[in-house]
Every structure is written in structure tokens, then in C-alpha cells.
There are 4 protein chains.
Amino acid sequence: MTGKHGLTQQHVARILGGESLETVARRLAPDLENLPAIPAGSAKVSRERAEELWQEAGLDPALRAVLLDPAADELPLYQGNIENFIGLLKLPLGLAGPLRINGTAAKGDYRIPLATTEAALVASYHRGCRLLTAAGGCTALILYESLSRAPAFVFRTATEACSFTVWAVEQFAIFQEVVGTTTSHGKLIDVGVTIEGNHVYLNFEFTTGDASGQNMVTIAAQAICDHIIAHTPVAPQRHYVESNLSGDKKASTKAFTTTRGKKVTAEVFLTAEMVKKHLHTTPRAMEQYWQMSAIGGVLSGTLGIHGHFANGLTALYLATGQDAACVAESATGVTRFEVTDDGGLYATVTLPGIMVGTVGGGTGLPTQRACLELMGLAGAGKARALAEVCAGLLLGGELSIIGALSAGHFARAHRKLARDRNKGNA
Amino acid sequence: MTGKHGLTQQHVARILGGESLETVARRLAPDLENLPAIPAGSAKVSRERAEELWQEAGLDPALRAVLLDPAADELPLYQGNIENFIGLLKLPLGLAGPLRINGTAAKGDYRIPLATTEAALVASYHRGCRLLTAAGGCTALILYESLSRAPAFVFRTATEACSFTVWAVEQFAIFQEVVGTTTSHGKLIDVGVTIEGNHVYLNFEFTTGDASGQNMVTIAAQAICDHIIAHTPVAPQRHYVESNLSGDKKASTKAFTTTRGKKVTAEVFLTAEMVKKHLHTTPRAMEQYWQMSAIGGVLSGTLGIHGHFANGLTALYLATGQDAACVAESATGVTRFEVTDDGGLYATVTLPGIMVGTVGGGTGLPTQRACLELMGLAGAGKARALAEVCAGLLLGGELSIIGALSAGHFARAHRKLARDRNKGNA
Amino acid sequence: MTGKHGLTQQHVARILGGESLETVARRLAPDLENLPAIPAGSAKVSRERAEELWQEAGLDPALRAVLLDPAADELPLYQGNIENFIGLLKLPLGLAGPLRINGTAAKGDYRIPLATTEAALVASYHRGCRLLTAAGGCTALILYESLSRAPAFVFRTATEACSFTVWAVEQFAIFQEVVGTTTSHGKLIDVGVTIEGNHVYLNFEFTTGDASGQNMVTIAAQAICDHIIAHTPVAPQRHYVESNLSGDKKASTKAFTTTRGKKVTAEVFLTAEMVKKHLHTTPRAMEQYWQMSAIGGVLSGTLGIHGHFANGLTALYLATGQDAACVAESATGVTRFEVTDDGGLYATVTLPGIMVGTVGGGTGLPTQRACLELMGLAGAGKARALAEVCAGLLLGGELSIIGALSAGHFARAHRKLARDRNKGNA
Amino acid sequence: MTGKHGLTQQHVARILGGESLETVARRLAPDLENLPAIPAGSAKVSRERAEELWQEAGLDPALRAVLLDPAADELPLYQGNIENFIGLLKLPLGLAGPLRINGTAAKGDYRIPLATTEAALVASYHRGCRLLTAAGGCTALILYESLSRAPAFVFRTATEACSFTVWAVEQFAIFQEVVGTTTSHGKLIDVGVTIEGNHVYLNFEFTTGDASGQNMVTIAAQAICDHIIAHTPVAPQRHYVESNLSGDKKASTKAFTTTRGKKVTAEVFLTAEMVKKHLHTTPRAMEQYWQMSAIGGVLSGTLGIHGHFANGLTALYLATGQDAACVAESATGVTRFEVTDDGGLYATVTLPGIMVGTVGGGTGLPTQRACLELMGLAGAGKARALAEVCAGLLLGGELSIIGALSAGHFARAHRKLARDRNKGNA
């Protein structure tokens, strides 16, 4: 049984747990007996409606007491952000920083609220922020802004696909006008064409003002599609407002040479003394770890080269009311550490797809709005600064984790925090 | 200016906003003036400590009132899950389902709490759940379980790397004993070897019981590393407990042929009538969309083929106290839709890296624990069932979104919910 | 020993073959004893120079007789295409087709010479060509043309990188003039900017006339670099004429949404009767195979979705004097098979990176030139047609292999040809 | 027209060349007029049969004289390697080396024949070989051997897929026996299971002796499939001998953590003096280039990190009768350059998928056999040594090109050789 097939056999035995294949197969089959009633969905958010849902569902009132705080009076504020509302989830918030950012839009010392349930996460980013600030802050830059929706048009033949394309690219100015009827904040800036056989993928690229903008570009793209269908000299057999080419909700290498949302970079120069004092290691050790880990990532078939962008980004997205599912697309990019000629460390991160806004989405909800205000980044005119803060935070996080891995402290930190938790709860 | 370089020029003009390059460059430079004091981090979670942090930070007390609810008495329960605690973030919870799951571990009708701030998300998953349940439920299966930590060992030469490997693979039974001293829940089941020049990456694979297990395998891998360093006949120049080969916190294609956490699949057969009734489209239209979108994904350089796994997975991870940052690694896999010989629809999802636990992490926090209890999935013995529920939920979500995109309703739903929000808040 | 580590042990035992690790390690060490003399390289191609090389190398004259045909009088014609010339390799040529192509540049019935040593390859492509021609030929289209060189510029800071970029994109018209001094065939059509920290990657995009163009764009990019270094207001610390971002000699997903060389597509509609007659299977069976294999490819982490582009492309590149190493970058893209509403088969291939020319490189060598002339595609004005022929040939090859795999004939064909070989050689 | 859409318009204008869309569309349509006769294929290789083909095809006799050398008497030797034989293609051969290899199987000084039509290729590899040999040779190692065929089995349900898998993995010893009836050289060593919904992909892994082995494993996998279909307790709806999961003829990241064919590594240590003397640059400059280019590759979405593996590998595959189409899968992996503590350079390459054999395929053809003999690597018992020579050669090639790019000599070399060509031909 040497080999992977032996492991498969062991797994099967674990799953079956002594039952026969037949018994398990019966359990896996569709079962039309006693189908439960399924409530119609409801977009209304109120205590009354929530209590009805709890009642209808026949769920334990003790749980309701936990999730539907009897004292909460702000429930209607969640309307438009949730359906079938039954209560509120609470996530602990920790504060990292102040982090000094020297950016095009962000400038100053930012205290950064992070929402997470993972031990050591805030501590690790806080350590990174402290180091960056001690160095006079990190530089952070918006490199490009563009969010895409990519409708697809299916024709009978590639010839028709091309004829359509010839027409479509000539309509660009008209498409811009059409977009203008759906949004005053979003602008259509380009359209890329990808033809595959009789498929045409039109990758419409927009700027979205201070909103993250997914809904804005969906509505704009639908309006363009409607215009196209009404006016095209070559009718498609089918068309779709989104073709999965835009990279929505998933990491893609396409974003690396273009952009998805906001492309940002942050960088810092650290002296060997600072690396020693804050991270207990050396620039050379960190460069060596970086190099080894770059290859580790490549060998496993990941996109980009980085450490743990997802950790800080998720915590900051949550705290500030961003769409946390966008972590799947945003938490990718490149981290790079280099020893400088004078023996210090140059560290940089670049993320091609930061999806952030300071208006719309969850940014207006009570606690999320408070977190944005705490940073001085609530409302219009602040989205670029928030993106630059993201970049700076993640640079701090990469320094902290790679510092710990280089110094051999990574597992130790986790052991310690696990112990603390046990003590704390005792 | 035809071409991308013209867009770059326009972007630059937007960013500079009339300022000179020199002015902006000065703003971007490190600034050592008036460095802020940075508080030492604190793992202690209490109202008193939080209020001290607010004070020290000099933040607006009005914000404190929003984030640090004066009535909340459960604050110490968060100790061990957060550092530099300053308050609680609130996310609205919506209920999808009941979703009937016919699984190896999950069996029955599950009401699924989803935490999100994104309009339409719960409604869309609820619609998918309703359809699956009407079909007698979906089948869901744990296909494999394995979580890896991948230490790296750097030698002087590839020859030494190979000599080390020869020794290391012979120690497997001893490594299992070493792991046994660190955890009673985790088991070492295999080790894969990847040599690159003088680098050796040892991919240790574990089962982790009912915990998600990242910390467990980190501590176990550290113990193996300590044992290796104490006993190896060939000393490495450097070693690291994690090499970035494990796929931790990022999607990788390696996971597709192995596993990361729990590999799960779910499937359902739907009649054309059910597709018509619930999704207002046809099996053929959905198959056609699937096919077009599979190519869209491939062309953009994503991993796997799917629609929007990240949406439902993030919302369920959050509600149940999982590490939401793991969405970056978990929200990948394969969705497949096929017309069956009798004109119905076969729909299936497979995810190679579900990172879920029902003990540890955030699963014991008050609202998260309540959500798990609401599903009947709290505590030991429930992790496999939770993984199968994830698979079923995501199958429902893929049916719902691809149904909407096939029927041309996708943008309409977003427009409507956006309008509702405006009304609701008015 | 269940698991992969057991296989590693078995491999090690095979490699050691009974010798000790120490013995093998000694063999692997550098050995400075008796270093051989190494001849200076020579670009001169003549029989005399070749014979000197044979002599100097002390190689078996019997081998020289095989490789350096005493009757060959065309040897000087190879000058400029080889160094350290010692003789000629012979590859058998087979003829596929005639293949009818209905293209923008290619139009008519093409006999296609294929150079390969692999049994069944020509037979398989010939079968595909016959089918396409019987259908009235395939449609083939050049979708885009662009070849890139991507110099990189390393600055001290990201700020300097951005300042440089602002200047560089404004120089586009001047860069076009600079390119004009190096080539009359190549045109600079755009430049894409990718900034990563303090790195700037400038992706210069060119059309290259009827040459494949790698050297042309290298020389043009060097001239641009020289101009930049002489004129930039922000001096880079280092710069390189190629940064590995262009995709030269390796497949990249970047090419899918842009292009590398020539982007081509080909398509055909086949009736069920034709599929039955030529491939002994059905459109539905082929669609089903396609779908399953698309997922197989995705699961293994390949780029694109296709069957065996590399086979036909290598054979045609070799026969026509293309750079066969470009197969590594060109043999990727998308194959798609669909059942049409009337029960027939729609089949299409799209390749984003065909690297072909009809002038330059190996296209002027005697046998390669003869192959191009045999197709009517030698010399200026023919490169686009050759690219369209490539697309058509590969469409035929995909139909043939997927037909064989769908019908269960794939292994049988290989068994038969292997038997024939034995008989033929007996 | 700023943006990509403007470029699309320019491209369209170029392609149309003044003709109307309608005219071009007519040219692209299938055309059933005057269909050419298509000759039946023929596996017979002889001068007579070839002359018949030339006649039937009505091709220019002058071309026949070039391709079908009247003096060639070895034509029947090509039978079994080609169909529809019409002549011989000639490629110039250049000699690189001697290259000293210190390997497990290769040991000594190898003169390496390279078949290419690309100027500067042999010169560049020769330069790399000279440097390696001057350093006492490079170390080269076979890290693993495994070639896969991956049949797929499609069931009605995932439940059936799993039941089948339970049975199949228990048959491993029987599968080994079945394989034994088809080959005495190949051994089945493992089978990996990948389930996706109702699909089962069985990745059978073999060693293949001294053959490259693609046909061997195809025939063996077909025999296993036949056995499975005859004996499985759970019948699949469809099955295929190859599912596109094996990585055949395309690069995949799966190969990085497993292997495809032979996984090899090579390494060398060079002093700063040697780098200076041979490459006119410094270890630090080469490390810096490597680092920048690693990121360039990642940003463009390539697999692995390397420079130009395809160049040398194609030339050596061709010269030694390998399947040159395998370059698409083999020319990937990792190159790594590091400055050592004493200021020298550590350079290494690792390729996970070298597809080489010294028996079978094209290895027995006259000129290919001569090239193998010239290296001392013809026939049984030599395949591992050939794989190690490949690794060493590619290490030399990476040193040479990265040396040139670091020193700024890359374009200069191409300019010079282009000039030489013109002179040489004059």
C-alpha cells in the first residue's frame, strides 16, 4: 500500500466509520420525504420581522437572545444590506498603529481598526506598524484605478463575432454616454476585446469614484448591453452582462498587468538596527526567507508572491464595511524584500486589486462607519487614501510575519497566544 | 495617444490633481518629524483596558460609544481572540434555507446563518437553498481531509539536500510520535518531498480532528523541525517552519490534486420544470452560460472554474467563527453544470480546500457559537458536517447566480435592491 | 510506509543502486582534475571548419559520416543560423491535407508539411484535415498582432519609478521614431506600464511585418533603452532590455487577454454524419469529452484549455523554419467543442501567441524554404496566411485526437502504429 | 480613441486592407466548390511511395529535389516514425561543450549536439558549458521518476464515483499485474485519485525504463481501463484513457510538486573571478537580475521561474530524437541565482518534467542515433544520464543569458550575429 492509494483507502475507512457502502449511499440519495416549508425571503429589516423569522424557524429562543440584542435600536439601519435578517454578529476589534503613511492621498498617522477572531493577528500587524512608523512611515501610492465588468456576446460564427467587434469599438463614445445615464460617479475609460472562436468578451473598464463600485459597473454594463442589443448590426445568439473574465471575486493573473479596483504599492527602507530592534533578525535573513518563500509559492501554483495579505486585508475590509468576499480577489500581489547597498532592508508590497470604497456597501453601517471615522476616512473623497492605508498595513504585516519566520519565532508566538487564551478564559 | 499609454497619462493627471511631481514626491518621502508614540500591544481584553486604549489614542468618545457598547458584559470572552481590544464590530445576519443536505456527516434540513453587508447576497443563496431542498436536497461528500505545513530546509548543496531527504523520509514513524507529543487531535498522515536545488520542502500532511487546525499543525511542524535539527546527520544552513508551499492563506493549484483542509463535493439533479419555476430559465441555458464562463475564467488566469464561491463562503465563515482570511485559499474549485439525457440539469461543485472547524478559533465566541448551535453544528464531532453544509450552500449559490445571469436578471436584481435600500433608509 | 514518503524511499533505493550515499556524494562533487580543453566557438559554417571541429573533438569518424554528408554542398547556406557547425540533422517529413482554409490572408487548399519523429502524428493531423476540407474548409482569422519586449528599470524608490513613468509615457512618439531607426518592418504600437515597488516594467508592443520578429524587437527595445538612459530626467539604478514579463519562450496567461505574435482563431461546423463518417463518434460524445478534459486541465494547473496543440505546431514550426523553441509559448490557448441546435458540432481553437514568420530566422534554409514554397507561403506578405494555416491545422488535430479519445480508439492507434514500426523495420 | 479600443480599430483596418466587411466575410465562409481529392494516408516509407505522393499532389519537382535527396538510401529506416512521407528536413547541428557533469548517472565530459536554426543559440550554450566545466563541472541529479496517464471515469452520481474509487484503489496490485502483461520495462508505482462531482480521475504513475514512455503508459493505461470495465462493480457511464489531467504536452503546476517523466536538478558554485572572466559581470548583478525577472515572470502569469529553458531543451531534444513537442511540458521549472557568503555565485536549475529516452521514439533514426552515440548515451541504460545532461546544459544556458542581460550585452549579441549572417551569406 505504499503510495497515495494507501492514504485514499485510509480516508475511506475513516469516512465510512464501520458502515457499509450501501448504507452510506442510501443516506446520500435525494430524499423527498417531509420536505420543510421554506419561508419567502424578506428584505425588510426590523425587530418584528426578525422575531417572526425566529418563530417561523422554530429556533431556540436562547440563541435569539444572543443574536438579537433586545436593547439594539439601530436595526432598521441595516435595511438594504441584508435579507432575512435575524440578528447581529459581533466581531472583536483591535487597534493597530498609529501607522504613518506618506501617500498621494493618505498622509499622516493612522490608527487602524482590525476585526478578527484570530489570535496574534492584531499583535502581528501592530508590530509591523510600529516598525514602519519608527522609520518615518512608509510611502504608499495608487498606481492605477480601473474596475471592469466583462459582458460576453455569443455569435453563430467567428466572422460575425469580428464584425460585431468592429462595430462595437467604434461606439466607445456612445457607450460613455450610456454609462453617464446610469451613474454620475463612474466613468467608462476603456474597453478591451478578447475574441475566442464565436465568443466576444468586452472588458469594460471604469473608474468608480469613492465607491468600491461593483454594483455601479454592473448596472452600467447592463445599460451598455441593452444599448448594444438595440443597435448592433450583428445580433448575438446570446449575451451575458458578466462572463467571468472580469476577475470578480477571484484572484487572476490578468489583474497583475492591468488592475482590478485600485492598484497600490507601499515601500520602506529600514536600517539593520531597526530590523534588529523590532524583528530580532537581519535584513539578509529576511531577504533569504523571501527568496525561498517566493519559490515555495511558485511551486505550489499560487498567483503572485506574498506572505499573508489575506490576514490584514480581511480584518480591515471587515472593520471598514468593505465586501469581505473581495478578499478572494484582492489578497494577491507581490511582496519583495532586498538588502540595500548599505546593508539595510528595502521592503515593498504591490497589490493590483484593492477593492475599497468609503461610500456605499457596508460603509454606512453604524460600527463600520465609526471605524472609518476613527481613521478619518469616512465618506466622499477618501477611497484612495483608504487604499493606500491598506497597502501600508499589509507591508507592515509582511515585515512582521517574515521577521518572525526568519527569526524562528513564528510557532512560538502561536503557542504563547494559545496558552494566554486558555489562561484568559480560565 | 491611442493605446494604454494614453490611459496611463490620464491616470497620472488624476492623481497629481494639478500639483507638481516635485510636490507630490516630497509628500511621499519618509518623515521623521513628530513621530507619534505607539502603545505597547496588549492581549488583555476588558472594558477597562479598552477604555484606556481609547483614551491613549485620543479618539472621539462618540465613536467609542458606538463600538464599545456600555451594556456589553461579555467582553472577557473575547480574550485570546484579539489584541489591543477596543470594541465590537456588528455585522447583520440573514438566514438562508432550510437547506436539505444528504451527506456522509451532514443529514437533514439546515438553516444557515450568513453574515454580510452586501445587498442581495442572502436573498440569492436563499433562492438556491429553496431550489435544492425542493429537489429532495443535495448530496454532499467529504472527499479527503489533509492540512499541511511545509517547513523548508536550505543546505549548502543539492547533494546534501538529497542526503538529508533520504534520512528524513525514514523518520516518518518518529515524526508521528513527535506530533503526538504536541496534539491529541492531530495526526501526521504523510510527508511529500519537493527538492529545488539545495532547498528541501517537506510538506507534512495532517488530519486535525474537529479544529480547522492551522495552529495545531504549526506547533506540530515546529516540534518536528526541532527534532530534525537535534538529530539530522546533515545540518541545514537555515530552516523555516513554513515555506509558503503549503498554500496557507492563498489559492493554489496544488490543492486541486491534493487537498487543503477538507475537500468536499456537492451535487444535485434538477428537472427542467424546477429550473423554470425557481430560476426562470432552462437547463440548456445554464449549461451554455457555464461553458462560456469557464472559458472566461481561464482567459483571465484564475485558478479553478466557478462563479462566486467567495460570497457565500465568507458569509458562512464569518457567522460560524471560522478564519475569514481563509476565504483567500478556500474560495476556489470547480462548478460544473450539464444537461442530462432526460433534459434536466446536473449541477455540482467541488472545493479542494474548505478550512472549517467546530472547535477552536472563533467558534466559541458568543454570537458565533450561537450560529453554530442554530445549525446544530457546535462543538466536537461536527466539523465534517459543517464542511458538507458549506458545499451544499455554495452549490445553491452557483445555481442562483448562474440562473440569474442566464435569464438576464443579474443586473436587475442589483438595481432593485439598491432602490430598496434607498427607500428603506429613507 | 503508506503514503508518498514510501515512494520517495523506493526512488532513492533505485538511484543509489546499492552504492552508499557517501560514494554517490563524492561522484556529485565538482572535479577539477583533467579539465578538457574547450574550443573557442565559431560562427563560420563550412565543411573545412566542421571537419576541424570533429577532429579537435576526437569524435568517431563513423558518426561524422552520418552527420556531415560528404555530398552536401549547401553548407555555407547555414551560416548565420548556427555556430560550431558539425553537420546536419535529418527529420522525416510527412504531408497532411490538402486543408481548405477560408481566412483573411490564407485562402485555398494547403498541403502541409510536418516534420516529426512521432508515429501517428501525421496520420492524426491528416485525418483532421480531411474532415475539415470535406466540410468546405475551416474559417481562420488573425484576431490581433503584437509582439512585446519588456525592458525593466529599477529605481531607488517607487516615487522615482512613478516620476520616470510619467516622463516615459509622454515620449511615446519619440520612441516610435527611435524604433524607426532600427527597422523598417517593425512598428511600435503601444507601451503598457507595470510598476511593482521601485521596478518599472515597460511592455513595448510592436508589429513585425512578415518576420517572427524576436530579434527585431530586441534591437528596437535596446535602442529605446539607450535613448531613455541618455534622456531620462530620473536615472534608474539598473535597467535590462528584457525583464521576463514579455512571455518570451514560455506560456503566460497575460497572452490570453493581450497577444504574443499573432492571435488566431479557426472554426468549423460539422454535421453529425460527417463526425460519424470521419471520426466514428458523435458530436455529443465529443462535447462531453471536451467538457471533462477542460476540467482535467484546470485541475492540473495548466494554462488554457486544449488537447495537443504542441504536436502539430512543433511539426509545422520545424518544417517551415520557425523557432521551434517558441512552441513553449505558442502551444497554448482554447479549444471548444459544442453541439449545435441542429445536432451538429461546432469546433473552434484560439491561440493567442502564434510566433511565425515567412522571412528571417530559419525560413530561408534550403529544406525549410522548400516546405514554405510547397505551401505557397514563402517570403514577404505571407506571414498572416501562415498563422491562419497553423490555426486550421491545429483545429484539425484537436478534432482528430478528441474524436479518437471519445471513440475509445486512442490507445488502439498507438498500439497499431507501434506494431507497424516493428514490422517495417524487420 | 485613447485606450486599447483604439488599437483594436487600427488592427481591424490593417486586416481589412480596404476591403469591406462583407467581402471579407464572404471569403471566410465555408466553400464546398471544387473540393480537392484527399489522398488516403500511408504509413509505408519508401522512395517510390514518396514519389507517388509528390506526383499525386502535383507539387513542383524542383522542391522534391530539395526534400527528397536522390542519393538518400536510408529512407526505409524512417518507417514507423512518420506517415505520408515525402522527404527529409535538414537542421544544422552545432556542438556545445565539453560540459563536465558530476551526476548520479552522468559522469564525465559531454559534447552536446544542438539542432537549431536560431543564431546565437549554440554560441550562448557553449559559453555556459565552458564556464561550468571551468568550475569542475556542475552537479546534476535525478530527483524523481514518474510518468502518468490519467484515465477519467464519468458516473451518474458522486456517490457512485466514490463507490467506484473505494473498489479501484483496492485493485492496485492487480493493476500492476495488468500492466505487466503490456510492458516489461514499465512499472506501475502509484495511483492518485481526484474526484470532481461525478468524475473520477485516476492518475496512474509509472516508471518507464529507458524510454520516454508516453506510448508505453498509454497502452498500459488502456489495459487497466479494459480490466476495470470488465470487473468494476459500479459501471461508469463513460470513460476515457486520458483526461487531460496528466499534463501531457502542456506545462502544469501539478508537475512541480509531483513529477512528469524525470525530475532533475543541476547546480554550480562560481567564484566572482569566474563570473567576471566568462560573463563580464558580477554575482550580485546576476542575483539582482534573477530577482527582478522572477517577478516579471510571475506578473505575466507564467508557470515556474526561469529564463529560456525552451531554447536549449528544444535543440537537444531534436538532436537526440526526443519528441520535440514535449518542450511544451518540459520547458518549465525553477532557476535560482544567489550570492554566496564568500561573494561567489550559487546557480541552480530544477525541471520537474524532463521527457527523455534513449530507446524508442526517434532515438534510433540515423542522425539522431549518431548524436546520442557522439555523447556516449545511445541505447539502454542511458536515459537517466541524458536527463542529467539536459539539466546541466540548461544551467549553462541560464548562466549565459542572465550574464548577458545583466551585463547589457544581450541585444548586442543579437545585432552582431545578425550582421555576421548577412556577411556570411554575401
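In chain A of this predicted model, helices α12(A) and α14(A) sit roughly perpendicular to each other (65 to 115 degrees counts as such). The axes of α12 (residues 309-319) and α14 (residues 366-375) come within 8 Å and cross at roughly 110°; axes here are lines fitted to C-alpha atoms over the stretch in contact, with angles from 0 to 180 degrees between N-to-C directions. Helices are DSSP runs of H or I, at least four residues, numbered from the N terminus. On the α12(A) side, Leu316(A), Leu318(A) and Ala319(A) meet Thr367(A), Gln368(A), Cys371(A) and Met375(A) of α14(A), contact meaning heavy atoms within 4.5 Å.

Then there's α11(A), residues 283-300: 17 of its 18 residues are buried (under 20% relative accessible area, 1.4 Å probe, protein chains only), so the helix is largely enclosed by the rest of the structure. Right after α11(A) comes Gly301(A), with a positive phi near 80°.

As for the largest nonpolar core (buried Ala, Val, Leu, Ile, Met, Phe, Trp, Tyr and Cys joined through side-chain atoms within 4.5 Å), it runs to 592 residues, and Leu399 of chains A, B, C and D has the most contacts inside it. Among the residues that Leu399(D) touches are Leu131(D), Val268(D), Met286(D) and Phe337(D), leaving aside residues up to four places away in sequence.

Residues are numbered from 1 along each chain as written, while chains are lettered from A and ligands numbered from 1 in written order. Local features need pLDDT of at least 70 and side-chain atom pairs 80 or more, whereas totals for chains, interfaces and linings use all residues, and side-chain values use heavy atoms, without hydrogens or water.

Technical notes
Buried means under 20% relative accessible area, exposed over 50%, partly exposed in between (1.4 Å probe, protein chains only). Helices (H or I, at least four residues) and strands (E, at least two) are DSSP runs, numbered from the N terminus. Angles under 35 degrees count as roughly parallel, over 145 as roughly antiparallel, 65 to 115 as roughly perpendicular and the rest as oblique.
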